[in-house]
Amino acid sequence: MAWGLPKLPGLTFTDPTKTQFHRCPSLKFYQGRRFPDMHVKGSGGTGTDTDSNAFALSEDSVIYDPSLTYGRVKAAAMPQVIPHWVHYDKRCLNFTAFFKQPVHDSPDEAFRVRIVNIIYFLEDDTLTVVEPRVRNSGIWQGKMVKRGKVPKNEAGEYWHWKDLDVGKDICIYGKVFHTVSCDLYTKEYLESQGIELSKEEELPVDKYTEMEYWKKKPVPHKANTKVDTLRRFLEYDGKVLGFDVVWDDRDSEYGELRPYKLYYFLQDDRIGLKELHDDRGGKDPFPLLLKKMKLPKKWKEKPVNFPSIVMEVSDEEVTEYYAPKDLIVGETIFVLGRRMLIYDCDAFTRHYYRTMLNIEQPPRVDLKHETKKGFEKKYPPHIGIGTPEDTLQSCFGLIPKPPKKDIIRYNLNASKNLRYLCELEYIHPEDEGRRFVMAYNLGDGAVKISEIPRRNSGIREGVFLSSRKLELPDSDHNFPSYYTPDKFYIGAIIPVFKHRFRIIGCDLFVYNYMSANPDKFPQEVIDNVRNYHMREGNLKTELKAAVREVSEAAIRAELAAIGKQAIVEPSDMEKCLTALNVVEGSATPPRPPTPPMTTDIISYDDSLRAARHRQSPCDEITPLKGILKSGGARDDHQKVVCFSGPVVDKEHEEKEKHPYYPPGKQPHFNEEEDFCARYRDPDAKERAERRAREECAYDIVPPPEAAGVSSMIDNEQEKPKLPGYLGTFNVDCKEVPEYMRLAPDAYDKIKHMRRDVPEISPAATRVAQHPRLPPADVDTCVHPPLEETGPCAPRKEEDVAFSCAHVEPKLPCCVPNTGSGETTNL
């Protein structure tokens, strides 16, 4: 604004540099309090008209300068008085202190150290306590004590800067803070006031802070050393160091010396610990105390920030593992906290240490075991629930297990039963004549008794006793003995729950099983069962086979005697040795045994061939009449003794000669290996030998002139032998035309051509092989037979035969005419 111009339109100007036009407040703030602003300002904070020199008054000591009017005086003016609150404005004393906060129910720490700053304001002698904020601390931090005068004691005194010092306990509202240090300004100020500060202290570190510190530190990594695992596997596979160790656990309650076997695998430096169980019991039968692993020396030494709950300790966290040099007899090692004493090692381990490590293992360390007086073990009686074996299983462990079964016996004999015919020794008259079938299962030893139904008996037949094991009468009920097959024979009395059964018969399978397993039965039982079947007539076939075997043995002995008496003609080599007077000794090679040659027509093999083709007597077993089915044993059930002749050696049998088919009539080609050999003409081998000698492989028809010349040659004269000449004809193989020669790949071409020929259906083959019926004679055409019985009779169902194909009726050679006696040829 231009000063001195009237405020009229056209005479006012705006300042282009002015950007603020707000109205200034009339109050101002100083140290948190309001004071009236005596300096009046215009809009935007600009000066007013009264602030100019024109409006300056002589009493205004700030704007008016008396020296401008009266000049400067010789003496300096007195300095202005600065108030206390202005002189110490924003000047504070700062002390670093801490206090311990207890932590309850924590396994990691008992207290936590919290660091605070005690700030003392010199302008108004107030005090505040502030805790620096730590990120993600989980604690409410910041200003703990508001700024103000803090009482020192109950007398009304307040804390003053003269009471503050390093290493002093300051109680503020019941919480004790211990100062440890201060800043440089506080130290200089107090020393300027004549106060000597104590020596600074270090802040204590709690466990939680230390743990957090180590978590932030990176984990040191070991240098990866390359180990040739394949070479170690090839060199040390199967080589294990064995040590006898003992766990000394006598410090704990009921502790003892427990023996173990320690194995060190040289292939991969792993260690395994096996438990050695004894008959004393009382321990869980764990096979291994420590499986194969690398055993660290200090198994608890691992980084603080390692997530042990989630991950397992690897080679990077472990500093050192146990090596062979640490396993010495007499030394103590720690297996994951367990104290193990090595008291012996095997011979291989001692040799390995002596040769490879140059270490001589000390001798065995003798261990002194405390001998305790034992007591007699008695098994409890049967509780009446289940079988006695179930009660006995509860004595072998805390958790009873079902009794073990003989799985091999069950799988081999699951479907085999020894069946016996029994009758009940009756007391009541109505029980007379009741008969039962008792089946003994060879798989599990269970016995099942079923009653044979009788007509109008009034007694319900069926299962009399379910499948179960039968106890012997004289056995202990708590530890019973059960019936076995050697206790069953004809005439035996079997008591079953106050019932008495007498065995009066058995199946033929029982005798076959006893004969196949004579070591399981007494000879008296086998003779008893055999005599029963002899009386019943079930062993006729076996008797015939036995008699035939005796006769054949006599014939074989007679033939062998004849062969020994036969004179063998000496061979050419024997004649030569005899002529040279050479005696066989150690220097001559042994002669092969010469089989005896006989002049008889019947040989030993021929005498046995008839016995081999005869039907086996095992197929002629007669079943027990009346009740039990056939007891013929099968090969997949059990061992069966068959009375038949010895098996004839197949090498001595004459090989079957393959039939020869002329060319063009061979059967269809198949993939059998000997197909071509079977249907090759007899001269094929001879022609192949001729072709190998480069001779003519075929008999060629000679020319007429050669034939005439040959007819004139006398039979007594010697026939000329020309190269390549096979007969008496003067023809050379080289003159054979090319079209008559056989190409090298002709056989393969013919093989593929025959393979492409479609195979005739089996039905058509059978029809073609069936013999044709002869044609009807002329009399049949003139006098035709009846339609019901003639060849044109309709087919009936009973005409079908099961042994051969049905022959369809064929029409005769002529068809008779019904109108006249003429015939029509087909």
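Strands E10 and E11 make a hairpin with four residues between them, and Asp 269 in the turn has a positive phi of about 60 degrees. This is a predicted model, so read what follows as a tour of that prediction. The protein has 19 helices and 22 strands, and buried residues make up 23% of its 826 residues. Of the contacts with a separation of 6 or more, 50% are between residues 24 or more positions apart.

**The E10-E11-E12 stretch**

- Strand E10 covers residues 257-265 and strand E11 covers residues 270-275; the two pair in the antiparallel sense over six bridges.
- Which residue of E11 is the bridge partner of Phe 265? That would be Arg 270.
- E11 also pairs with E12, again in the antiparallel sense, this time over three bridges.
- In that second pairing, Ile 271 sits opposite Met 293 in E12.

**Asp 326, in the loop after E12**

- Strand E12 (288-293) and strand E13 (332-335) are joined by a loop, and Asp 326 is found in it.
- Is Asp 326 buried or exposed? Its relative accessibility is 18%, so Asp 326 counts as buried; the cut-off for buried is under 20%.
- Leaving aside residues up to four places away in sequence, Asp 326 touches Lys 297, Tyr 321 and Ile 333.

**The sheet from E3 to E8**

- Six strands form an open sheet here, in the order E6-E5-E4-E3-E8-E7, and the pairing is antiparallel.
- Strand E6 (142-148) and strand E7 (169-172) take the edges; each has a single partner strand, so one side of each has no neighbour in the sheet.
- Going from one strand to the next, the twist averages 30 degrees.
- Toward the E6 edge, strand E5 (residues 126-131) is joined to E6 by four bridges, with the two running antiparallel.
- Val 130 stands opposite Lys 143 in E6.
- Helix H3 (residues 184-192) lies across strand E3 (92-102) and strand E8 (175-182), and runs at about 115 degrees to E3.

**The sheet from E15 to E20**

- This one is an open sheet of six strands too, with antiparallel pairing and the order E18-E17-E16-E15-E20-E19.
- At its edges are strand E18 (462-468) and strand E19 (493-496), each pairing on one side only.
- The twist from one strand to the next averages 30 degrees.
- Helix H9 (residues 508-516) lies across strand E15 (417-424) and strand E20 (499-506), at about 130 degrees to E15.

**A closer look at E16**

- How many of the seven residues of E16 are buried? Six are, so the strand is largely enclosed by the rest of the structure.
- On one side, E16 is joined to E15 by seven bridges, and the two run antiparallel.
- On the other, strand E16 (residues 435-441) has five bridges to strand E17 (residues 447-451), antiparallel again.
- Met 438 shows up in both pairings: it is the bridge partner of Tyr 420, and it stands opposite Ile 449 in E17.
- Next along in E16, Val 437 stands opposite Ser 450 in E17.
- In a regular strand, side chains alternate between the two faces of the sheet.
- E16 and E17 form a hairpin with five residues between the strands, where Gly 445 takes a positive phi near 75 degrees.

**Helix H5, out in the open**

- None of the eight residues of helix H5 (residues 229-236) is buried, so the helix lies largely in the open.
- Gly 238 follows H5 and has a positive phi, near 85 degrees.

**Cavities**

- Rolling a probe the size of a water molecule over the atoms shows where empty space is left.
- The count comes to two cavities of 30 Å³ or more.
- The second largest cavity holds about 40 Å³ of space.
- What lines the second largest cavity? The residues are Pro 380, Pro 381, His 382, Pro 388, Thr 391, Leu 392, Asn 478 and Phe 479.
- By type, that lining divides into five nonpolar, three polar and no charged residues.

How values were computed:
Residues are numbered from 1 along each chain as its sequence is written. This is a predicted model: local features need pLDDT of at least 70, side-chain atom pairs count only at pLDDT 80 or more; totals for chains, interfaces and linings use all residues. Side-chain values use heavy atoms; hydrogens and water are left out. Buried means under 20% relative accessible area, exposed over 50%, partly exposed in between (1.4 Å probe, protein chains only). Contact means heavy atoms within 4.5 Å. Two strands pair if DSSP finds at least two bridges between them. Axes are lines fitted to C-alpha atoms, for helices over the stretch in contact, and angles run from 0 to 180 degrees between N-to-C directions. On a 1 Å grid over the protein atoms alone, a cavity is a set of points where a 1.4 Å probe fits but cannot get out, and a pocket is an open set with protein on both sides within 12 Å along at least five of seven lines; lining residues have an atom within 4 Å of a point. Grid points are joined across faces, edges and corners, and a volume is the space filled by probe spheres set on the points. Ala, Val, Leu, Ile, Met, Phe, Trp, Tyr, Cys and Pro count as nonpolar, Asp, Glu, Lys and Arg as charged, and the others, Gly among them, as polar.
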